[in-house]
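Work through the exercises below with the structure open. Each task is followed by a solution in steps.

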Amino acid sequence: ETIGIKTINGNINNFFITSTKKVINLKSKKNFRKIVRMAIPLLILLGISLLEVNNYELREDAINPKRLNSSGYWEVDEYVINGNAGWETTNSTYEWCTGSGTWVDPYVIENVTFRCLDGSGNSLRIYDSDVYFIIRNCTFTLSGSIGYDAGIHLDHVGNGTLINNNCSFNNFHGIILYEYCFNNTISGNYLTQNTYISIWIRYSDDNNILDNKIVDNFDNGVHLYNCNNNTIDDNEIINNSLGIRIHVSEDNNVTNNEFFGNSYGISLRFGHNTKIFSNNISGNNNGIYNDNTRHLDISENTIENSVNDGIRIHDVSADNNTIYANNISANGRYGIFIRDSGCQDNMVYLNNFNDNNINAYDNGTDNEWDNGAIGNYWDNYTGYDDDFDGIGDTPYLISGTGDGQDNYPIWNFQSPIHIDD
């Protein structure tokens with residue numbers, strides 16, 4: 001016997017019940033109450049035991065549950081899942097693991113508290129696994145304090161989803177993807193009071209870190225090391241040492257995050273080709289720190305109220321970066337500080353510099369403060385716009401040894417700007 005739900009574009013379109021005696025096929029919008037009245041007796045009398053949902057789109061509900069029981073229903077001491085066979089063993093042994101490891105029926109672990117009662121090791125370690133799995137509404141705590149100990153430790157793992165877990169008060173890392181982990185999603189988790197890095201991704205590509213709250217940890221909020229093509233989106237990263245550290249990693253995306261109270265909001269060293277877009281980077285000691293990193297795309301961010309610098313570009317290989325359409329305001333020392341002569345061929349335009357102690361300081365070489373047609377808005381520009389085209393008639397000079405100047409300063413951010421062909 002089967003109950004089925006047919007959906008179109010994620011909405012219930014049809015509800016049907018099949019038994020050995022009859023088939024009921026009713027439009028749910030018109031007959032929902034009738035369906036319920038008929039379904040309940042059938043379930044009782046016919047002993048229906050199998051619920052089938054005949055639409056792959058419902059996979060989204062599996063990883064975004066609307067209602068979750070509180071974790072801690074089961075308590076487990078330091079557990080290891082070794083390979084796909086380890087998932088099979090866990091599934092057949094413990095009632096807290098369900099599913100079959102496919103995309104439509106992933107293994108699911110939920111409502112469990114994992115902890116290291118002896119204070120060493122990983123609360124949960126998974127390795128050599130490529131089956132589909134979801135771990136949700138669990139607590140991971142009291143992991144060890146050596147090397148790569150973590151609340152959740154993944155090694156050579158793909159196709160996992162960690163969602164709505166509490167990963168806090170670990171003696172080293174919160175979550176670590178140790179090596180060669182791919183196509184994993186870390187979403188909606190709460191991480192606080194971890195002694196070292198909260199989320200550490202090493203030698204792993206194509207993972208997503210989404211919508212987590214990473215607060216009051218003693219070291220970095222998120223750390224990428226030798227990782228490419230990862231996405232860090234829509235997280236709250238508050239009161240950590242470094243909000244995000246990107247080190248020897250390329251082609252990563254940092255978008256739509258909130259940074260507050262960190263020593264550095266975003267810190268990059270050899271983090272080439274990173275896109276930093278639409279973040280709110282406010283109230284940190286420093287906003288964005290670029291050390292030896294090239295081809296950054298920094299756009300449409302709010303970078304304000306830093307104790308020191310909004311954006312700092314540092315050392316010999318920090319070149320060919322583009323910084324545009326950002327709001328850079330109320331920073332305590334510099335809006336943008338280009339420190340070294342080796343920082344060259346960077347382009348800065350369409351930004352709003354307002355109420356910084358010093359808007360910009362350039363000790364670099366051949367940096368451009370306009371794109372050849374339009375520059376930036378400077379709140380302390382003293383020139384005029386006699387032809388009313390929205391562009392200042394004289395350049396805005398940049399302090400420092402780099403002889404930088406904005407040849408097309410924006411006269412008024414609110415006024416129309418006319419650019420000749």
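Buried means under 20% relative accessible area, exposed means over 50%, and partly exposed lies in between. The model used here is predicted.

**Exercise 1.** Classify Tyr324 and Tyr349 by accessibility, then describe the geometry of their ring pair.

Solution.
- Tyr324 has a relative accessible area of 22%, so this residue is partly exposed.
- Tyr349 has 15% relative accessibility and therefore counts as buried.
- The ring centres of Tyr324 and Tyr349 lie 5.5 Å apart, with the planes at 10 degrees. Planes under 30 degrees apart count as stacked, so the pair is stacked.
- Tyr324 belongs to strand β34 (residues 322–324) and Tyr349 to strand β37 (residues 347–349); the pair links distant parts of the chain, 25 residues apart.

**Exercise 2.** Assign a class to the ring pair Tyr381 and Tyr396, and place both residues in the chain.

Solution.
- The centres are 6.5 Å apart and the planes stand at 50 degrees, so the pair of Tyr381 and Tyr396 is tilted.
- Tyr381 lies in the loop between β40 (377–378) and β41 (396–397), while Tyr396 is in strand β41, 15 residues apart.
- Both Tyr381 and Tyr396 are buried.
- Ring pairs join these two tyrosines with Phe353, Trp369, Trp378 and Trp411 in a cluster. The count of aromatic pairs in the model comes to 23.

**Exercise 3.** Give the strand order of the open sheet and explain what sets β5 and β39 apart.

Solution.
- The sheet has 12 strands in the order β5-β9-β12-β15-β18-β21-β24-β27-β30-β33-β36-β39, with parallel pairing.
- β5 (79–82) and β39 (358–362) each have a single partner strand and stand at the edges, so one side of each lacks a neighbour in the sheet.
- Ignoring direction, neighbouring strands are turned by 5 degrees against each other on average.
- Four bridges join β39 to strand β36 (residues 334–338), and Ile336 stands opposite Ala360 in β39.
- Helix α3 (residues 83–93) packs on the sheet, where it touches β5 and β9 (124–129); the helix direction makes about 125 degrees with that of β5.

**Exercise 4.** Which residues touch the most other members of the largest nonpolar core?

Solution.
- The core has 64 residues, and Ile109 and Phe114 touch the most other members.
- Strand β12 (residues 150–157) gives the most to this core, namely three residues.
- Beyond four places in sequence, the contacts of Ile109 include Ile81, Trp87, Trp96 and Phe114.

**Exercise 5.** Find the ring beneath the charged end of Arg202, and likewise for Lys275.

Solution.
- The charged end of Arg202 sits over the ring of Trp200, 5.4 Å from the centre.
- For Lys275 the ring is that of Phe277, at 5.1 Å from the centre.

Technical notes:
Residues numbered from 1 in each chain as written. Predicted model: local features only at pLDDT ≥ 70, side-chain atom pairs only at ≥ 80, totals over all residues. Heavy atoms only, no water. Core = buried A, V, L, I, M, F, W, Y, C linked by side-chain atoms within 4.5 Å. Buried < 20%, exposed > 50% of the residue type's maximum accessible area, 1.4 Å probe, protein only. Helix = DSSP H or I, 4+ residues; strand = E, 2+ residues; numbered from the N terminus. Contact = heavy atoms within 4.5 Å. Pairing = 2+ DSSP bridges. Axes fitted to C-alpha atoms, helices over the stretch in contact; angles between N-to-C directions. Phe/Tyr/Trp six-rings, centres within 6.5 Å; stacked < 30°, edge-to-face > 60°. Lys NZ or Arg CZ within 6 Å of the ring centre and 35° of its normal.
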